[in-house]
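Biologist: Hi! Could you put the model up on the screen and walk me through it?

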Amino acid sequence: MTVMARLRAIDAIFTEMSGRKNADRWTLEALETDSGWSEVRALARQAMLELIGAWDHPMPKIDVIR
């Protein structure tokens with residue numbers, strides 16, 4: 001799969017997850033448990049590897065500030 005194909009797949013997942021009916025998929029808990037988010041992370045990681053080569057650093061910790 002090419003980088004562009006992975007990005008299109010990510011876009012399709014986000015489209016499927018969007019809208020008021022899917023608001024629960026955008027909670028902090030869902031970021032950890034929802035299968036859509038897991039698939040997006042995997043596709044993004046694969047795209048990054050394809051673009052930059054080997055990745056030997058952990059993914060950054062993201063803090064949400066409200």
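Modeller: Happy to; this is a predicted model, and we can go from the core to the first helix and then to the aromatic rings.

Biologist: Great. Which residues make up the largest nonpolar core?

Modeller: There are six of them: I10, I13, M17, W37, V40 and L43. Helix 1 (3-17) and helix 3 (35-52) are the elements that each give two or more residues to this core.

Biologist: Is there a general tendency behind that kind of grouping, or what should I keep in mind?

Modeller: In soluble globular proteins, nonpolar side chains tend to be buried together.

Biologist: What is L43 in contact with, leaving aside neighbours within four places in sequence?

Modeller: L43 is in contact with M1, R6, A9, I10 and I13, once those neighbours within four places are set aside.

Biologist: R6 caught my eye there. Where is R6 found, and is R6 buried or exposed?

Modeller: R6 is found in helix 1. Its relative accessible area is 13%, so R6 is buried, the cut-off being under 20%. Not counting residues up to four places away in sequence, R6 touches M1, L43, Q46, A47 and E50.

Biologist: Let's stay on helix 1. How many residues does helix 1 have, and what is its reach?

Modeller: Helix 1 has 15 residues and reaches 21 Å from first C-alpha to last, close to the 21 Å expected at 1.5 Å a residue.

Biologist: And which residues of helix 1 are buried?

Modeller: Those are V3, R6, I10, I13 and M17. They cover an arc of only 85 degrees around the axis, so they sit on the same side of helix 1.

Biologist: Why would residues at such spacings point the same way?

Modeller: An α-helix has 3.6 residues a turn, so residues three or four places apart point the same way.

Biologist: Nice. What do the buried residues of helix 1 pack against?

Modeller: They pack against helix 3. On the face of helix 1 turned away from the buried side you find the exposed residues R8, T15 and E16.

Biologist: How exposed is E16, and what does E16 touch?

Modeller: E16 counts as exposed, at 58% relative accessibility. Not counting residues up to four places away in sequence, E16 touches N22 and R25.

Biologist: Then tell me about R25: where is its place, and is R25 buried or exposed?

Modeller: R25 has its place in the loop between helix 1 and helix 2 (28-33). With 15% relative accessibility, R25 counts as buried. Apart from neighbours within four places in sequence, R25 is in contact with E16, M17, A30, D34, G36 and W37.

Biologist: What does the backbone do just after helix 1?

Modeller: G19 takes a positive phi of about 95 degrees there.

Biologist: Switching topic: how many aromatic pairs does the structure hold?

Modeller: The structure holds three aromatic pairs. In one of them, F14 and W26, the ring centres are 5.8 Å apart and the planes are at 40 degrees, so the pair is tilted. That pair links distant parts of the chain, with F14 in helix 1 and W26 in the loop between helix 1 and helix 2, 12 residues apart.

Biologist: How accessible are F14 and W26?

Modeller: F14 is partly exposed, at 26% relative accessibility, and W26 is partly exposed as well, with a relative accessible area of 44%.

Biologist: Which residues form the aromatic cluster?

Modeller: F14, W26 and W37 form one aromatic cluster, and W37 is also one of the residues of the largest nonpolar core.

Definitions and conventions
Residues are numbered from 1 along each chain as its sequence is written. This is a predicted model: local features need pLDDT of at least 70, side-chain atom pairs count only at pLDDT 80 or more; totals for chains, interfaces and linings use all residues. Side-chain values use heavy atoms; hydrogens and water are left out. A nonpolar core is a set of buried Ala, Val, Leu, Ile, Met, Phe, Trp, Tyr and Cys residues joined through side-chain atoms within 4.5 Å. Buried means under 20% relative accessible area, exposed over 50%, partly exposed in between (1.4 Å probe, protein chains only). Helices (H or I, at least four residues) and strands (E, at least two) are DSSP runs, numbered from the N terminus. Contact means heavy atoms within 4.5 Å. The expected span of a helix is 1.5 Å times one less than its number of residues. The arc is that of the directions from the helix axis to the C-beta atoms. Rings of Phe, Tyr and Trp (its six-membered ring) pair if their centres lie within 6.5 Å; planes under 30 degrees apart count as stacked, over 60 as edge-to-face and the rest as tilted.
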